[in-house]
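Here's a protein model to explore, one feature at a time. Have it open on your screen and follow along.

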Amino acid sequence: MVPDLFFYQLGLVALVWVCLMLQWVWPSACATAPPTPPQPTPPRRQRRREPKPFAGLTKKPHCDACEHASDLRPEAPRTPPPRLVPTRGRRRQVDTSTHFCPNSDCTYRGWVGWGNLRANGHPNGGPWRQLLCVACRRYCLETLGTLFHGKRESVELIVRVIACLAEGLGIRGTARVFEVDANTVLQWLVDAAAQLRAFSQHFLHDVRVRQVQLDELFALLSAVKNGEVSEAEAIARLERSPQWVWVAMDPESKLLLAIDVGERTLAMAQCFVHHVTQVLAPDCAPLFLTDGFREYLTALLTHYGQWVQPPRRQVHGPAPKPRWMPLPQLLYAQVVKTVRRRRLVRVRHRVVFGTLEAIYAVLTPYGWHINTAFVERITLSIRQHVAAVGRRVSTLCKSEDGLRQQLALYQTYHNFCLPHTSLRIPLGLPEPTNGTGSAKRWQPQTPAMVAGLTDHVWSLREMLLFRVPPWPQPVEV
Ligand SMILES: [Zn+2]
């Protein structure tokens, strides 16, 4: 019986071998059997390992904002007046060092803490102090130039209303909570936004960062949603010019460098990158990380480019024309995401300017890869804190201006008022708190503190009471 079993096994091995041989022979047998002429197979496209180096542009790209340059910060007059030190009378009790004289014909106009102001009591028993300028002998209220000037409502009410708006409650909701008229709330928002924009401009300048992440988020205006415009117009508007909120942030300090509203076009990209360059120090060329939106390339190249004379290729003939090339220190990479049926299927990284090594030299100290995760996280915060861009909400804005005001409020609130958990510093010794609470272990830090723009966490009240001087003040030594 043993030979039988042996033969069965041998047969099995033979069968497997025949199968294998057939599979090996089959394709060649197929190919030889029909005598078809050899077809010219198209050469397989080889994917380039090394991307082609950027050849440069023959013309400098046009930027509207650069041409007008209207948003340049006003410069301080060359010669400040002498500082006044009071030598006579009793010591002054009220600190006026954060105020300045507003009178246009006064030599001390706009100089903060120059010693020319004296507190002069509360006129008519009102809540605000009057200040006297000893140079021009004129009076002004300490709220001049702020939201509270000329308002009869209490400071607490106005601050709480603005805080509610900054935390993401809609205008009508806020009006119901505080039993104020909705139009009053809107007017306060408009005033606060104008003041906070000036506040931002006063503090946010010459910022030095190593990285900037840029992103856009979609914003729907309610005119389109409620059918107030015709359907055809709505479709056209949605297709052609939906509103986008453009966001630029520094992932290291979480500082919101710029927020803007506009279409998703080259002109807007130019304008937005222009705003970012206004905030950054002139010689600061950070690593830019964006999504795959192609117009960023031109926009970045416009503001971080220079003319380069390419070397001659042959001895005779005219010299090659100069090319507009990116600055050698400019680094730019894109994160290109492919979404299919609302699912992310692929993420690719594309190095546009600079080398992969140089980009990783910036990112590796933080343990990061090429990403836009930080700005995407902040867009989520924006959707939570700005009622006008929330998802599936009924608090959408009617107009672009309304959206801008809410975003200006959020930008300063995020940068100066909200401590960020990932930025907090552990205290060497835990500080005991009053009562039975646990000891304080962390020192809270806001993005503006990490970026070195300010030294403390601002309260909203403090921010709204801050009188923004007309020009940057000299740094005290
Ligand atoms: Zn004066």
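## Two backbone oddities

Start with aspartate 206, which is partly exposed, at 44% relative accessibility. Keep in mind that you're looking at a predicted model. Aspartate 206 sits in the loop between α5 (182–203) and β4 (211–219). What's odd about its backbone is a positive phi of about 50°, even though this residue isn't a glycine. Most residues other than glycine have a negative phi.

Lysine 254 has a positive phi too, near 60°, and it isn't a glycine either. You'll find lysine 254 in the loop between β5 (243–250) and β6 (255–262). Is lysine 254 buried or exposed? Lysine 254 is buried, with a relative accessible area of 9%.

## The zinc site

Now look for the zinc ion. Which protein atoms are its donors? They're the SG atoms of Cys101, Cys106, Cys133 and Cys136, lying 2.2 to 2.4 Å from the zinc ion. The 4 donor atoms subtend angles of 99 to 115° around the zinc ion, so the arrangement is tetrahedral. Along the chain, the donors follow the spacing C-x4-C-x26-C-x2-C.

Take two of these donors as a pair: cysteine 101 is in the loop between α2 (64–68) and β1 (117–119), while cysteine 136 is in the loop between β2 (130–133) and β3 (138–141), so the two tie together parts that are 35 residues apart in sequence. Cysteine 101 counts as buried, at 1% relative accessibility, whereas cysteine 136 is partly exposed, at 22%.

## Cysteines without a disulfide

A disulfide is a covalent bond between the sulfur atoms of two cysteines. How many disulfides are there here? The count comes to 0. Cysteine 140 helps you see why: the closest cysteine sulfur to its own is the one in cysteine 101, and at 6.3 Å that's too far for a bond. The cut-off for a disulfide is 2.5 Å.

Cysteine 140 is buried, at 11% relative accessibility. Cysteine 271, on the other hand, is partly exposed, with a relative accessible area of 24%.

## Salt bridges across the chain

The structure holds 11 salt bridges. In one of them, arginine 208 pairs with aspartate 283, with the closest N and O atoms 3.0 Å apart. The pair links distant parts of the chain, 75 residues apart: arginine 208 is in the loop between α5 and β4, and aspartate 283 is in the loop between α8 (266–279) and β7 (287–290). Arginine 208 is exposed, at 57% relative accessibility, and aspartate 283 is exposed, at 55%.

Arginine 264 is worth a closer look. Its side chain meets glutamate 216 in a salt bridge of 2.7 Å, N to O. That pair links strand β4, home of glutamate 216, to the loop between β6 and α8, where arginine 264 sits 48 residues away. Arginine 264 also meets aspartate 291 in a salt bridge, at 3.6 Å, N to O. Aspartate 291 is in the loop between β7 and α9 (295–303), 27 residues from arginine 264. Glutamate 216 is buried, at 7% relative accessible area, and aspartate 291 is buried, at 15%, but arginine 264 is partly exposed, at 34%.

## A nonpolar patch on the surface

Which residues form a nonpolar patch on the surface? They're Trp17, Val18, Met21 and Trp24, with about 480 Å² of accessible area together. Zoom in on valine 18: this residue is found in helix α1 (residues 2–32), and it's partly exposed, at 41% relative accessibility.

Definitions and conventions. Residues are numbered from 1 along each chain as its sequence is written. This is a predicted model: local features need pLDDT of at least 70, side-chain atom pairs count only at pLDDT 80 or more; totals for chains, interfaces and linings use all residues. Side-chain values use heavy atoms; hydrogens and water are left out. Buried means under 20% relative accessible area, exposed over 50%, partly exposed in between (1.4 Å probe, protein chains only). Patches are made of residues with over 30% relative accessible area and no salt bridge: like charges are joined within 9 Å, nonpolar side chains (Val, Leu, Ile, Met, Phe, Trp, Tyr) within 5 Å. Accessible areas come from the Shrake-Rupley method with a 1.4 Å probe; for residues, only the protein chains shown count as cover. A salt bridge is a side-chain nitrogen of Lys or Arg within 4 Å of a carboxyl oxygen of Asp or Glu. Helices (H or I, at least four residues) and strands (E, at least two) are DSSP runs, numbered from the N terminus. Donors are N, O and S atoms within 2.8 Å of the metal (3.2 Å for Na, K and Ca); water is not among the atoms, so sites may look incomplete. Four donors count as tetrahedral if all angles lie between 85 and 135 degrees; four count as square planar and six as octahedral if opposite donors are over 155 degrees apart and all others between 65 and 115; anything else is irregular.
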